[in-house]
Amino acid sequence: MKHISTSGWHKIGLFALLLPAANAASAQNDSTWLRRVPPAATDSVPGKMNMDAVYDRPFLQMGKMPVALGGYVEANTAWFATDGVSEGLSFQLPRLTMFLSSSIARRIRFLTEIEFEEGGREINIEFASLDIQFHPALTLRGGVVMNPIGAFNQNHDGPKWDFISRPVSATQMLPATWSNVGFGLYGKFYTGDWTFGYEAYLSNGFDESIISNPENRTFLPAAKENPERFEESFNGQPLYTGKISVRRQNVGEIGLSYMGGVYNKFQEDGLTLDRKRRLHTFAADFNTVVPHLGTRLLGEWAWVQVDVPETYGQQFGSRQHGGFLDVVQPVLRRKWLGWEKAVFSVVCRLEYVDWNAGTFRETGGDIADDFRAVVPGISFRPTAQTVLRLNYRYEWQRDILGNPPARTAGWQFGVSSYF
Amino acid sequence: MIWLLFFSLFTIWLLVACEKTFPPLPDDAELLDGPVEGLSEAENRRFLAGDVAFNDEVFTATTGLGPLFVSTSCGSCHAGDGKGHPMNALTRFGQWDDTGNQYLHLGGPQLQHRALPGYSPEQLPSGAPFAKLLPPANTGLGFLELVPDADILAMSDPDDLDGDGISGRPNWIALPAYLTARPDAVSQTGRYIGRFGKKAVVYDLLQQSARAYNQDMGIASTYEPFDTYTSHEIDPEVSNQTVQDVVFYLRTLKAPIPRDTDAPDVATGKTLFGQVGCAKCHRPTLRTGPSSIEPLAERDFHPYTDLLLHDMGPELDDGYTEGSATTSEWRTPPLWGLGLSKNSQGGQYYLLHDGRAPNIEAAILLHGGEGSQSRAAYQALDAAQKTRLLSFLESL
C-alpha cells in the first residue's frame with residue numbers, strides 16, 4: 001500500500017477521485033449517461049476465478065466515457081471485552097475504498113483501488129496496475145499489484161464477505177492487504193468445465209521489520225509500515241509470487257500459491273552486513289458451494305517460514321501456520337421490501353494461527369503463541385452488493401509460554417456495500 | 001413483519017444480555033498483576049502509564065534494542081507479572097568472592113546471549129563462574145521496598161547468636177551515583193542494604209528498572225548510560241519519565257491474595273510451616289514504613305521472606321556471587337504468589353533461582369546449609385502432613 005502522508009496529497013487525491021463522481025451526479029437524470037456495469041463485464045474471458053476479483057466488482061460507467069468508477073464502504077460497531085474488561089461500545093469506519101478503471105484501448109486496461117482507512121487516518125493505493133492482454137492465456141500486468149498469496153489478499157472487498165472482521169491468518173500472519181510495485185504475467189485456460197489460471201509476479205518485498213517490530217513476534221505485516229518500498233527495494237532482491245488455480249464449473253476452485261524472497265539487508269555500499277535471509281510462504285485456498293444445500297464453503301491455510309538468526313530471540317518464530325474456514329448457509333431467499341433477491345444467511349467462521357511453531361531450546365516444551373477464534377453470525381443481503389452483518393466473536397490468545405489464554409469476546413454489527 | 005419483530009426482539013435481548021456473553025473477569029486472587037487497592041485517580045493514571053511501558057512497549061533495532069540483549073521488553077520476561085521461564089533465564093558471570101567481578105572487561109556481569117541480525121552475541125568466557133537466574137515475580141515489590149532497614153537488621157543474626165542454625169545477614173552494597181539513600185537508611189562503611197535480586201545486590205526499584213533496561217534490553221538511560229556492546233556512554237534510549245513510570249508501576253503492584261485460606265488442609269499446613277522452621281527465614285509478616293503512596297504506608301503484609309542472605313549449602317552453590325554474598329548465599333525469596341507461578345511459567349513450576357526444581361517439594365529438598373534443619377523436619381513429616389504443608393504453599 002502506498003502511503004501518502006501530506007494533507008496536500010490528500011486533497012489532490014480526493015479531488016481527482018470526486019471529479020468524475022460529481023459529473024455523474026450532475027447527470028443522474030440521464031439514465032443513458034450513467035449506467036451500472038455488472039461485475040466482471042470488463043473481463044474479456046468467461047469463467048470467473050479468485051484471480052479476477054480485482055475486476056469482479058460493480059462499476060458505474062459514465063456515458064461512453066472509457067472510465068468506470070466504483071467503491072465500497074464498511075461501517076461497524078463493536079462491543080468487546082477481554083477477560084471481563086471492556087473498553088465499551090465503539091463505532092468504526094474501517095475503510096472506504098474507491099476504484100477507478102479505464103479501458104484505454106482494446107486489450108489494455110487500467111484499474112486503481114484507493115483505500116481510506118479508519119476515517120482517513122491512512123490513505124493507501126492498494127492496487128494500480130496496467131493490464132496488457134496479448135491472449136487470454138497471457139496478460140502482462142505492471143504497477144502496484146496485489147501479490148496473489150492465498151485467496152483473501154486479492155479478494156478482500158468488504159461486501160463480498162459475511163463477516164465483519166477480516167481473517168487473522170490472512171491479515172496478521174499473511175499480510176493482506178499486501179501489494180507492491182512489480183510486474184508479472186497471468187492468464188487462464190479452458191477445457192470443458194475446467195478453468196486453469198496462473199499468476200507470476202516479481203515485486204518489491206519485505207524488510208527486517210518482520211522480525212523486529214512492536215508485535216514482539218515474527219509479523220509479516222510489519223513490512224507494510226515501510227513507505228519506501230514503493231520507491232525502491234529494501235535489499236535489491238525481488239519478491240517472487242506465484243499462484244496456480246483450477247476451477248470446475250458448478251463445483252469450486254482450488255488454489256496453490258507461493259511467495260518468497262530475501263527479506264534482510266545483507267549488504268550496503270558494497271559492505272557485507274549479514275548473509276541473505278529468506279522467507280517463504282505457501283498457501284492453499286478453496287471455495288465451493290454444496291449442491292442442493294447451497295452452503296458456501298471457503299477457506300485458506302498458509303504456512304510461513306522465515307530464516308530467523310539463531311542468536312535472535314525465540315520470541316520471533318521461524319515457522320507459522322494458520323487459516324480460516326467460512327461456512328455460509330443461506331436460509332431464506334425471497335423478495336422483501338422491494339428487494340428482488342434478498343438473502344438471509346446463517347454463518348460461522350473458524351480461525352486458527354500458530355505464530356511460533358516449534359519447541360523451546362531450553363526445555364524442549366512446545367512454544368505456544370497461538371490464536372483461535374469462532375465467529376457465528378447472521379447476514380442479510382438485500383442485494384448481492386450490500387450486506388448487513390451481525391457477528392459474535394470469541395477468541396483465545398495464548399502467550400509464547402502457553403499460560404492461560406486471554407479470552408476476548410464481543411458483538412459486532414456492520415454494514416458494507418458497493419456503491 | 002415477522003422478521004422485523006424477530007429482529008427487534010433479538011436486538012433488545014442483545015442489549016440486555018450482551019455482557020453475559022463476555023468472558024468473565026478472573027478472580028482477583030488468581031492474578032498477580034493489578035494495582036494495590038486505594039490508589040488515587042492521579043496514581044491510577046501513573047500506574048497505567050507504567051503498565052503500558054512495562055507490558056506493551058517492545059524495543060526494536062530502531063528504538064534502541066541491543067544490539068546485544070536478553071529480551072525485547074519487560075513483559076516478555078514477566079508474563080502476567082509472574083515468575084519467568086527458562087527461556088528468559090539470565091546468565092550472570094565473573095565473580096566468585098567479595099573482591100568483585102573479574103570479568104567486567106569481558107562483558108560481565110551479565111551475558112547478553114541474543115543479538116540483532118548481523119551481530120554476534122556474547123559468549124561465556126572460558127572458566128568464568130556463572131549462575132543462571134530466572135526472572136522473579138513482580139508482585140508486591142512496593143511493600144518490600146518500604147521495609148525499614150532497622151527491621152531487616154533486627155531479623156539478621158550473622159553470627160547465629162541464638163544458636164538456631166539460621167544466620168541471615170544483609171548484603172551491604174555500594175550505591176550508584178544516581179541513587180539517594182532512604183532517610184532512614186542504615187549504612188556500614190559507606191554501603192547500604194540491598195534487598196532486590198537473587199543475591200540482594202539491588203537497592204531499590206529504580207536501580208532494578210534502570211539495570212534491567214540496560215543489561216536485559218540494551219537500552220541506555222540517563223541512569224545507566226553505557227552501551228552494553230561498545231561500553232561507551234551514549235544518548236538515552238528511554239526517557240526518565242518512562243523509567244519512573246515503570247518504577248511507579250512496579251511499586252504499586254498489589255500483593256498476592258492468598259487463596260483457600262479457610263480450607264482445613266491449608267490452615268494445618270500453615271501451622272506445619274512454622275513448626276518445621278520454614279518461617280525462620282520465610283518470615284510471614286513484615287511491615288512497611290512511611291510512604292507518600294498511602295496504600296503502601298505503615299502496612300502489615302505477608303511476603304514470607306526476611307530479605308536477608310542465607311547460606312544454602314552446596315546444593316545451591318553455583319560458584320558465582322555478587323556483592324558481599326558468598327557463592328552459596330541467596331536472599332530468601334518471597335513465597336507469596338508461589339501457587340500462581342505455574343500460570344506465568346507455561347503450566348508447570350520452574351522453582352529456585354534457576355528453575356531447577358520442577359515442583360515445590362523438589363525445591364524444599366534442595367535446601368541445604370541453613371535450610372538443612374527445616375528440610376530434615378519436612379522429610380520427617382508423614383505423607384498427609386507433607387500434603388497439607390504443600391497445600392498451604394500452593395495457597396500463597
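Two residues are taken to be in contact if their C-beta atoms, placed from the backbone, lie within 7 Å. On that basis, in this predicted model, 35 residues of chain A touch 31 residues of chain B. On the chain A side, three elements each give two or more residues to this contact: β4 (67–82), β5 (85–105) and β21 (406–418). The top contributor is β21(A), which puts in five residues. Sorted by class, the chain A side comes out as 16 polar, 13 nonpolar and six charged residues.

Moving on to chain B, helix α10 spans residues 372–380, and its buried residues are Ser374(B), Arg375(B) and Tyr378(B). These sit on the same side of α10(B), because the arc they cover around the axis is only 100 degrees. That fits the usual helix geometry: with 3.6 residues a turn, residues three or four places apart point the same way. Flip to the other side of α10(B) and the picture is one of exposure, with Ala376(B), Gln379(B) and Ala380(B) all exposed there. As for what lies over the buried residues of α10(B), the cover includes two helical neighbours in the numbering, α9 (360–365) and α11 (383–395) of chain B.Chain B also has some strand pairing to look at. An open sheet of three strands runs in the order β3-β2-β5 (chain B), and the pairing is antiparallel. Here β3 (110–111) and β5 (130–133) of chain B take the edges with a single partner strand each, so one side of each has no neighbour in the sheet. Strand β2 (residues 90–93) of chain B is joined to β3(B) by two bridges, and Thr91(B) is found opposite Leu111(B) of β3(B).

Elsewhere in chain B, strand β8 (residues 191–194) pairs with two strands. With β6 (residues 171–173) of chain B, the pairing is antiparallel and covers three bridges; in it, Asn171(B) has Gly194(B) of β8(B) as its bridge partner. With β7 (residues 187–188) of chain B, there are two bridges, and these strands run antiparallel too. In that pairing, Ser187(B) is matched with Tyr192(B) of β8(B). The link between β7(B) and β8(B) is a hairpin with two residues between the strands. One residue in the turn, Thr189(B), has a positive phi of about 50 degrees.

How values were computed. Residues numbered from 1 in each chain as written. Chains lettered and ligands numbered in written order. Predicted model: local features only at pLDDT ≥ 70, side-chain atom pairs only at ≥ 80, totals over all residues. Buried ≥ 20, exposed ≤ 12 C-beta atoms within 10 Å, placed from the backbone. Helix = DSSP H or I, 4+ residues; strand = E, 2+ residues; numbered from the N terminus. Arc of directions from axis to C-beta. Pairing = 2+ DSSP bridges. Nonpolar A, V, L, I, M, F, W, Y, C, P; charged D, E, K, R; others polar.
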